[in-house]
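Here are my notes on the structure, set out as numbered points. They begin with the ligand site and end with two spots in the backbone.

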Amino acid sequence: MEYRAFVVSELNDGAFSGELKTLNQENLPAGEVTIKVAYSSLNYKDALSFSGNKGVTRNFPHTPGIDAVGEVIHCEDASFVVGDKVLVIGYDLGMNTPGGFGEIIRVPQKWVMKLPADMSEKHSMAWGTAGFTAALCINKLIHNGLLAESGPVLVSGASGGVGSIAIMLLSKLGFEVHALTRKADQAEFFKDLGANKVVALDEFLDQGKRPLLKPVYSAAVDVAGGEVLATMLKAIQYGGSIACCGLVDSTSLNTTVLPFILRGVNLLGVDSVELPLADKQEVWGKMASSWSLPGLLAQCQVIKPEQLSDSLKTILDGKVKGRFILEQNK
Ligand SMILES: NC(=O)c1ccc[n+]([C@@H]2O[C@H](COP(=O)([O-])OP(=O)(O)OC[C@H]3O[C@@H](n4cnc5c(N)ncnc54)[C@H](OP(=O)(O)O)[C@@H]3O)[C@@H](O)[C@H]2O)c1
């Protein structure tokens with residue numbers, strides 16, 4: 001049976017380009033569960049795959065899309081029945097396995113979870129990997145002792161997927177949140193998300209080369225790495241923590257041990273991809289209930305497959321505000 005998918009190919013000149021193609025389900029990889037995708041969402045990693053980044057996707061042509069929600073149309077074992085609404089987030093989906101930018105995916109059963117009962121398909125993709133990662137970061141900070149009264153929490157990449165949802169969730173949970181951004185002129189946007197203060201990234205980085213700064217923040221969520229993370233480490237209060245999940249600035253980290261040995265700062269790694277399914281389900285359960293963000297859809301732009309190339313370029317250019325949800329043609 002045929003289906004449509006957004007396929008990224010390498011051109012003769014070494015550049016990469018995506019177009020909608022009609023493919024045959026017979027060519028999908030082996031896997032117990034076949035899913036008709038209703039929605040996907042656009043993440044930074046999808047943009048990297050679209051750009052031909054071999055660290056994300058080794059072989060092209062390829063269909064990106066690290067998130068997918070939809071309906072089971074075939075299951076080879078008893079874990080799901082036809083019609084079940086399910087969610088696939090991370091693992092190899094969209095990296096080297098054809099992803100949610102296709103109308104059909106086929107995946108191993110161990111990657112698939114039931115859509116939480118109180119969450120719509122569209123809302124799950126408003127969260128997507130970005131929102132799930134924001135929730136994982138906050139979950140980890142709280143498990144490491146973060147309390148609302150501890151002081152402000154700093155969030156980098158504040159206008160992006162992870163950053164914007166981290167701000168919304170921290171605000172909902174009663175934390176004072178400071179948005180660290182290159183778009184400091186757009187204060188209204190950050191205020192609407194729930195930020196109490198906007199910190200311009202260039203000014204933050206410009207605080208000199210001192211080994212430690214005034215310890216303003218109780219904690220931070222960092223999507224940037226590099227100089228951003230190195231500077232954050234200097235500004236965390238005694239015993240505070242940073243949840244480190246991204247690399248939009250750099251994969252490098254040039255720091256000293258001083259924040260760790262003089263202030264007992266904790267650097268916490270966060271991975272949303274290979275986390276065991278049971279742990280994923282636990283956090284998705286919170287996202288569907290006590291951590292739910294009813295205003296999230298309002299921060300998302302719903303696009304059609306025809307708009308994928310332009311939207312992915314917006315992400316690559318760092319011009320994104322909020323999230324893109326992909327609605328498959330129905
Ligand atoms: N560990 C995990 O499991 C996991 C899961 C999801 C995402 N991630 C990673 O988290 C990062 C963010 O993902 P996302 O989906 O939020 O991406 P996104 O939607 O593209 O947002 C990234 C934001 O970072 C800021 N930014 C962009 N380039 C920058 C630079 N050179 N220096 C400093 N800031 C920059 C921009 O915000 P401002 O203009 O507001 O500063 C941009 O909106 C990526 O590295 C992604 O791979 C990791």
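1. In this predicted model, an oxygen atom of the ligand lies 2.7 Å from a backbone N or O atom of Ser272. Taken alone, the ligand exposes 920 Å², and 88% of that area is buried by the protein.

2. Ser159 also makes a polar contact with the ligand, but through its side chain: an N or O atom there is 2.7 Å from a ligand oxygen atom. With Gly160 the partner is again a backbone N or O atom, at 3.4 Å from an oxygen atom of the ligand. When checking these contacts in the viewer, look at the side chain for Ser159, and at the backbone for Gly160 and for Ser272.

3. How many residues surround the ligand, and which are the closest? The shell holds 24 residues, and the closest are Ser159, Thr181, Lys183, Cys245 and Ser272. By class, the shell divides into 11 nonpolar, 9 polar and 4 charged residues.

4. Where does the ligand sit? It occupies the largest pocket. Two helices each supply at least two residues of the surrounding shell: helix H2, residues 121–143, and helix H3, residues 161–172.

5. Why does the ligand lie between domain 1 and domain 2? Domain 1 covers 2–115 + 298–327 and domain 2 covers 130–269; both give residues to the shell, so the ligand lies between them.

6. Away from the topic of the ligand, one peptide bond should be noted. The bond joining Phe60 and Pro61 is cis, with omega at about 0°. Pro61 belongs to the loop that runs between helix H1 (44–50) and strand S4 (67–75).

7. A second backbone point concerns Tyr91. Its phi is near 50°, which is a positive value in a residue other than glycine. Tyr91 is located in a loop as well, between strand S5 (85–89) and strand S6 (104–107).

How values were computed
Residues are numbered from 1 along each chain as its sequence is written. This is a predicted model: local features need pLDDT of at least 70, side-chain atom pairs count only at pLDDT 80 or more; totals for chains, interfaces and linings use all residues. Side-chain values use heavy atoms; hydrogens and water are left out. A residue is near a molecule or strand if one of its heavy atoms lies within 4 Å of it. A polar contact is a pair of N or O atoms within 3.5 Å; within protein, one must be able to donate a hydrogen and the other to accept it, and residues adjacent in sequence count only if both atoms are side-chain atoms. Accessible areas come from the Shrake-Rupley method with a 1.4 Å probe; for residues, only the protein chains shown count as cover. On a 1 Å grid over the protein atoms alone, a cavity is a set of points where a 1.4 Å probe fits but cannot get out, and a pocket is an open set with protein on both sides within 12 Å along at least five of seven lines; lining residues have an atom within 4 Å of a point. A molecule sits in a cavity or pocket if more than half of its atoms lie within 2 Å of its grid points. Helices (H or I, at least four residues) and strands (E, at least two) are DSSP runs, numbered from the N terminus. Ala, Val, Leu, Ile, Met, Phe, Trp, Tyr, Cys and Pro count as nonpolar, Asp, Glu, Lys and Arg as charged, and the others, Gly among them, as polar. Domain bounds come from an automatic or database domain assignment.
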